[in-house]
Structures are given as C-alpha cells and as structure tokens.
Amino acid sequence: MMLGVKTSGTAVACSHFLSPRAFPPTAVAVTLRHLKPYCSYRSIKMSAEQIVEHVVLFKAKPDADPSKLTAMVNNLNSLTSLNQVVHLSSGPLIRDRSSSFSFTHLLHSRYKSKSDLADYSAHPDHVSVVKQYVLPMVDDIMAVDWVPIEFSGPTGVPPGSAMRLTFLKLKENLGENEKSQLLSAVGGIKEKFSRIEQLTVGENFSPGRAKGFSIASIAVFKGVDELEALESQKELANEQKEKLAFEKAYDQQLRL
C-alpha cells in the first residue's frame with residue numbers, strides 16, 4: 001500500500017492493493033474506491049530456494065468499460081494455473097494519489113527462477129491474455145522484476161493482506177557502495193516495524209518497462225488495519241526521518 005509524500009521535490013505516486021477477504025465483495029475499501037480486489041492464492045512455503053518477484057502496474061483507459069476491466073483482471077488471475085507460477089494475484093488498486101502515473105490496477109506474481117518468469121512471459125496463454133484483454137484496455141504499463149536479497153515466509157500473499165510497494169529511481173553514477181547501503185536501509189525497515197509480516201527488497205533486472213526505477217520492495221501486512229495503524233503513528237514519521245540519511249541516493253520514489 002502507499003502513502004502520499006514528496007521526495008527530493010518530486011511527487012510520490014501512492015496507492016493501496018488488497019488481497020481478497022479484506023472486505024466483503026460489495027464493501028468499500030477504507031474510504032476509497034468502490035472496487036473489489038481479486039486474487040488467486042496458493043499456500044506454499046519456501047526454504048532457502050530463490051524467489052523472483054514480478055510486479056506489473058496498469059493504467060486503465062479513462063473510458064474503459066468496467067465489465068471489460070473485470071474480464072481483464074479475471075483473465076490475468078487465471079494465469080495462476082500455469083506451472084511456472086508460484087503465486088499470482090491481480091486486481092484494482094484501492095488507493096491512488098499519483099499525479100505522475102495514476103495507475104489503476106496491479107499484478108503481483110512470484111516464481112522460483114528467472115527462467116520460470118521468462119517461460120511464463122512467453123507462454124501462449126499469457127500472450128493471449130495480454131493481447132486480448134490487457135492491451136485494448138490500458139494506456140500505460142510498468143513492470144519491475146527483482147530477486148529478493150533475503151526471503152522468508154510463505155510465497156503466497158494470504159487473502160486479506162495489504163501490500164505497500166516502493167520503487168526507487170537511483171541517481172546517475174551512484175556507486176555500488178551507496179547502492180548497497182540503500183538496499184540495506186530499505187531491507188532493515190522490517191526489523192523496526194513489527195506490523196510488517198514480510199518484506200522483500202531487491203534490484204530490478206528488467207529495465208525495459210520499469211520507467212527508470214531500479215530498487216523495489218514489497219511490505220506485506222495482515223490487513224489494512226495494520227497498515228493504517230502503522231501509517232497513523234509517529235513510527236512512520238521516524239521512518240521518513242531515517243530515509244533522509246539515504247534519500248540523496250535516489251531521484252524519485254513510487255509507493256503503492
């Protein structure tokens with residue numbers, strides 16, 4: 001999920017994404033859009049195996065037919081049946097405060113390897129869904145892929161969970177030492193906030209559709225209440241203060 005802040009003079013895009021069961025099918029998520037989240041969930045746990053994160057953000061066309069957007073989401077979620085997929089969930093963002101991108105939908109999926117992600121991307125079923133249901137409905141797409149520096153916990157995001165995504169665009173000519181410090185700082189956030197159930201952090205390895213963002217993280221909460229509680233407390237203000245120590249390393253931040 002996301003908050004509205006400003007970083008280095010650049011507006012931060014903000015949204016919320018919820019797995020299902022956070023609200024009844026017809027309920028309004030927080031005080032936000034009357035949109036129902038969708039998700040497919042597979043309960044699997046990993047040991048020391050690698051996980052690859054794949055996040056795609058979509059900006060629906062202003063005149064998009066709601067029923068066709070629902071079909072887009074349903075068909076994206078049907079891809080969870082592909083053998084390469086460990087976890088996949090897709091649905092509308094519940095909150096979006098971004099003036100720069102205004103994304104409306106998200107897909108989050110996980111794989112055991114980069115080759116599995118590549119096979120998923122090239123799979124005829126995936127290609128067909130993108131061509132028939134996604135491209136006709138969207139004006140913009142952004143995708144970010146990363147291998148978490150550390151990974152523990154379930155590979156599936158439990159139904160009802162809330163996620164906060166953060167993407168950072170690094171300054172040019174940033175040294176590897178500074179980049180490592182930044183990754184360490186982002187990864188260390190989980191130790192400071194007990195409400196975060198799971199946090200993955202890594203460097204994007206697919207620059208083609210990432211709009212220049214290269215550091216990515218996902219923080220998973222039990223539900224929207226836990227996320228809102230964190231954001232409403234002074235703990236978050238302390239987090240923002242700590243970020244001042246490394247914010248000179250990036251030009252722009254996108255938080256979802």
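These are my notebook entries on confidence and salt bridges in this structure, which is a predicted model.

**Entry 1: confidence**

I began with how far the predictor trusts its own result, and I found that the chain averages a pLDDT of 76, with 70% of the residues scoring at least 70. I then asked where in the chain confidence is lowest and where it is highest. The lowest mean, 24, belongs to strand 1, at residues 6-7, whereas the highest, 98, belongs to helix 3, at residues 124-134.

I also noted two stretches in which pLDDT stays under 50. One of them covers residues 1-15, for which the model nevertheless has 71 contacts beyond four places in sequence. The other covers residues 20-48, for which I wrote down 72 contacts of that kind.

**Entry 2: counting salt bridges**

Next I turned to charged side chains, keeping in mind that those of opposite charge can pair when their charged atoms come close. How many salt bridges does the count give? It comes to four, and I looked up several of them in detail.

**Entry 3: D140 and K211**

The side chains of D140 and K211 meet in a salt bridge, with 3.0 Å from N to O. This pair links distant parts of the chain, since D140 lies in strand 8 (residues 138-146) and K211 lies in the loop between strand 10 (196-203) and strand 11 (215-221), 71 residues apart. I checked the accessibility of K211 as well, and at 30% relative accessibility K211 counts as partly exposed.

**Entry 4: K179 and its partners**

K179 forms a salt bridge with E176, and I noted 3.4 Å between the closest N and O atoms. Both residues sit in helix 4 (residues 176-187), and because they are three residues apart there, about one helical turn separates them.

Is K179 buried or exposed? K179 has a relative accessible area of 12%, so it counts as buried, the cut-off being under 20%. E176, by contrast, is at 55% relative accessibility and therefore counts as exposed, which requires over 50%.

K179 also forms a salt bridge with E203, where the closest N and O atoms are 2.9 Å apart. Here the link runs between distant parts of the chain, with E203 in strand 10 and K179 in helix 4, 24 residues apart. I recorded E203 as partly exposed, with a relative accessible area of 35%. Taken together, E176, K179 and E203 are joined into one network by salt bridges that share partners.

How values were computed:
Residues are numbered from 1 along each chain as its sequence is written. This is a predicted model: local features need pLDDT of at least 70, side-chain atom pairs count only at pLDDT 80 or more; totals for chains, interfaces and linings use all residues. Side-chain values use heavy atoms; hydrogens and water are left out. pLDDT is the predictor's confidence in each residue, from 0 to 100. Helices (H or I, at least four residues) and strands (E, at least two) are DSSP runs, numbered from the N terminus. Contact means heavy atoms within 4.5 Å. Buried means under 20% relative accessible area, exposed over 50%, partly exposed in between (1.4 Å probe, protein chains only).
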